[in-house]
Amino acid sequence: MIPGESWVTSAVRPIGATVGTAALPVNFCIVNSDQVGHAHTWHTDFAAANDAIYPRTQEAFSALALDRNVWCAVTDEEVVLGLSYACVSDDESEVEIGGLMVSPEARGKGIGDVLMRLPLCHFLVNENPLAWRRPPRIVAHVLKGNDAPRRIIARTGFAHAKAVRIPGAALPGLRTEPDGHVHGDEFHLRIPQALEEQAVWLDGWNDTLLDGSAARIRLLEGHTLPGWAAAIRAMA
Amino acid sequence: MTNIPNRISAESQVVLDFSDFLELVKNVRAQMAQAIGELVSMLEAAAASDADLDFAGLVRASQQLLELDDADLARILNVSRPTVGRWTRGVSSPHPLARKAIFDALARSARGKLKLLRD
């Protein structure tokens, strides 16, 4: 973890730049305003290669990212390896941890786990949702056929809540079933069990991914992951 | 331009005299510096204390005195812009164990602004 922003530069590299599987340092941070266009291009290319991932329009993605809801995993050269987001619904009844995407060539390092847990823990610590007058549901959604995130979602502490069906016309470009709907699943965070699980993960973080790559998480100066763990334990 | 004070110089040339206005600016800056100085003290006290406090009020006061919009504050505090909105509306607030770093960051911004006012 480093407190400064020195590695978050405005350098923009071609999004298609290939990433070797060598143990490159990976940085996790909130996408900042000068990275939004770059991140959306990556998001679009990624969604285009998979008909079970919901691609957002440039306008929708930019709004989400300019509001600093989107997290990224990037190399020191700003090559995007993965994205995710935490977003609260307009009526503040639901928080979605979603949009999880990890480059196929960067998989197996545990980047997806970090990209699910970080926005979740960051939200828990900064908004203490269990203390709201009406605590929001914390949810994740996955479309049928998109199997890569399911184990990550389960490991993060979400349990299957219900199947969801969305009219195909509402999600153009996605795989529809014979009933004309896109099928998927909704998962809910298990409270309070999942809180302790996040705390254990935060306490065990050792700045290293599964393949030995160095990993740096950008936090507000004065925040630490063990500090987050203590706060999350205190919520349970 | 009837509101601009002037006086006639010895050479009968009209010279615009801003001395009253400059005095006003000086006083406003001094008051601003005093308010921000008090804000720094309150943020330091908040950072050093576990006591319950009006988090939304302190963030709103910081935002107004430091002239920061939600997006500015979100960037400084490494949170989302809607998070700042929920803080200032009193819908949510950081867990008490996570607040010190936020007050410290606000105090740093406030000291920066104070320095500009006093330079």
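Helices and strands are DSSP runs, of at least four residues for a helix (H or I) and at least two for a strand (E), numbered from the N terminus. The exercises below concern a predicted model.

**Exercise 1. Confidence in chain A**

Determine what average pLDDT chain A has, and where its pLDDT stays under 50.

Solution. Begin with the chain as a whole: the average pLDDT of chain A is 89, and 91% of its residues score at least 70. Then turn to residues 1–18 of chain A, where pLDDT stays under 50. For this stretch the model has 37 contacts beyond four places in sequence.

**Exercise 2. The nonpolar cores**

Identify which residues touch the most other members of the largest nonpolar core, and which helix of chain A gives the most to this core.

Solution. As background, nonpolar side chains in soluble globular proteins tend to be buried together. In this model the largest nonpolar core has 49 residues. Within this core, F28(A), I111(A) and F158(A) touch the most other members. Helix α3 of chain A, residues 111–127, gives the most to the core, with 10 residues.

Next, take F158(A) and set aside its neighbours within four places in sequence. The contacts of F158(A) then include I97(A), M116(A) and I138(A), as well as V139(A), A140(A) and I153(A). F187(A), H188(A) and L189(A) are also in contact with F158(A).

Finally, a second, separate core has 29 residues, among them I36(B), L66(B), L106(B) and L117(B).

**Exercise 3. Two pockets**

Describe the largest and the second largest pocket by volume, by the residues nearest the centre and by the classes of the lining residues.

Solution. Take the largest pocket, which holds about 490 Å³ of space. Its lining consists of 23 residues. Nearest the centre are W132(A) and R133(A) together with G90(B), V91(B) and S92(B). By class, this lining has nine nonpolar, five polar and nine charged residues.

Now take the second largest pocket, with about 420 Å³ of space. It is lined by 25 residues, and Y54(A), E96(A), G99(A), H141(A) and L143(A) are the closest to its centre. Here the division is 16 nonpolar, six polar and three charged residues.

To place this second lining on the chain, list the elements of chain A that each supply at least two residues: β4 (94–102), β5 (137–143), α4 (148–156), β6 (158–167) and β7 (181–189). Of the elements, β4(A) gives the most, with six residues.

**Exercise 4. The largest cavity**

Establish how many cavities of 30 Å³ or more the structure holds, and which residues line the largest cavity.

Solution. There are three cavities of 30 Å³ or more, and the volume of the largest is about 50 Å³. Around the largest cavity are H43(A), R56(A), F61(A), V70(A), L83(A), S84(A), Y85(A), G99(A) and M101(A). Strands β3 (80–88) and β4 of chain A each supply at least two of the lining residues. The most comes from β3(A), with three residues. Sorted by class, the lining has five nonpolar, three polar and one charged residues.

**Exercise 5. Residues in the loops of chain A**

For R68(A), E92(A) and N146(A), decide whether each is buried or exposed.

Solution. The cut-off required is that a buried residue has under 20% relative accessible area.

Step 1. R68(A) lies in the loop between α2 (58–66) and β2 (70–75) of chain A. R68(A) counts as buried because its relative accessibility is 9%. Although R68(A) is not a glycine, its phi is positive, at about 65°.

Step 2. E92(A) is placed in the loop between β3 and β4 of chain A. With 18% relative accessibility, E92(A) therefore counts as buried. Its phi is near 60°, again a positive value in a residue other than glycine.

Step 3. N146(A) belongs to the loop between β5 and α4 of chain A. At 11% relative accessibility, N146(A) is buried as well. Not counting residues up to four places away in sequence, N146(A) touches N50(A), A52(A) and I53(A).

**Exercise 6. A cis peptide bond**

Locate the two residues that a cis peptide bond joins.

Solution. The bond joins I191(A) and P192(A), with omega at about 10°. P192(A) lies in the loop between β7 and α5 (193–204) of chain A.

**Exercise 7. The fold of chain B**

State what pattern of helices and strands chain B follows along the sequence.

Solution. Count the elements: chain B has five helices and two strands. Read in sequence order, they give β-β-α-α-α-α-α. Of the 119 residues in chain B, 39% are buried. Among contacts between residues at least 6 apart in sequence, 57% join residues at least 24 apart.

How values were computed
Residues are numbered from 1 along each chain as its sequence is written. Chains are lettered from A and ligands numbered from 1 in the order in which they are written. This is a predicted model: local features need pLDDT of at least 70, side-chain atom pairs count only at pLDDT 80 or more; totals for chains, interfaces and linings use all residues. Side-chain values use heavy atoms; hydrogens and water are left out. pLDDT is the predictor's confidence in each residue, from 0 to 100. Contact means heavy atoms within 4.5 Å. A nonpolar core is a set of buried Ala, Val, Leu, Ile, Met, Phe, Trp, Tyr and Cys residues joined through side-chain atoms within 4.5 Å. Buried means under 20% relative accessible area, exposed over 50%, partly exposed in between (1.4 Å probe, protein chains only). On a 1 Å grid over the protein atoms alone, a cavity is a set of points where a 1.4 Å probe fits but cannot get out, and a pocket is an open set with protein on both sides within 12 Å along at least five of seven lines; lining residues have an atom within 4 Å of a point. Grid points are joined across faces, edges and corners, and a volume is the space filled by probe spheres set on the points. Ala, Val, Leu, Ile, Met, Phe, Trp, Tyr, Cys and Pro count as nonpolar, Asp, Glu, Lys and Arg as charged, and the others, Gly among them, as polar.
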